[in-house]
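Visitor: I am new to this structure and would like a close look at a single part of it, namely the nonpolar core. Could you take me through it slowly?

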Amino acid sequence: MSMRREAFLAHVQERGEYETLQDADRVARVVLALLGAHLVGTVRAELAARLPETYALILLNPLQAAEPLSPERFVRATAAWIEGATERTALWDIGAVLSTAAAAAGDVLTREVLLQLPHGYDLLFGHPQPT
């Protein structure tokens, strides 16, 4: 069952300490569009099914990536897409969105998502994996 848009944005807003829901929406759109370029198949579809429709469509129609981005490059790309962002603020934005997506996905699906991503994304999701 998918999370309602208002609940999803409220979680992102709280975790990111954004002043408005519009700020939370802006970062959620960028982060999920970049994430969608790294996920394929049923894992991407299952994650989309747990997100509000607006964000599911963004995840399913991602920005194009020529190659998987390392976590560091993902942070830099996010900073480039969010007006006025720095790598430091982008890291904060990513954490707010991906931790909310992980909560919506649950532990099992989050582990499957992480298996499709380069090493180090577990920290961006707020789900550190044992080494």
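Guide: What follows begins with the core as a whole and then turns to one residue and one helix pair. This is a predicted model, in which local features need pLDDT of at least 70, side-chain atom pairs count only at pLDDT 80 or more, and totals for chains, interfaces and linings use all residues. Residues are numbered from 1 along each chain as its sequence is written, and side-chain values use heavy atoms, with hydrogens and water left out.

The largest nonpolar core has 44 residues, where such a core is a set of buried Ala, Val, Leu, Ile, Met, Phe, Trp, Tyr and Cys residues joined through side-chain atoms within 4.5 Å, and buried means under 20% relative accessible area with a 1.4 Å probe, protein chains only. Those with the most contacts inside this core are L32, L35, L47, L51, F74 and F125.

Taking L47 from that group, and leaving aside residues up to four places away in sequence, one finds that L47 touches L35, L39, L59, A101, A105, L109 and V113, a contact being heavy atoms within 4.5 Å.

L47 also belongs to the meeting of two helices (DSSP runs of H or I, at least four residues), for R44, A45, L47 and A48 in α3 meet A56, L59 and L60 in α4. The angle between α3 and α4 is about 165°, with their axes 8 Å apart, the axes being lines fitted to C-alpha atoms over the stretch in contact and the angles running from 0 to 180 degrees between N-to-C directions. The two helices α3 and α4 are therefore roughly antiparallel, a term for angles over 145 degrees.

Conventions: Buried < 20%, exposed > 50% of the residue type's maximum accessible area, 1.4 Å probe, protein only. Parallel < 35°, antiparallel > 145°, perpendicular 65-115°, else oblique.
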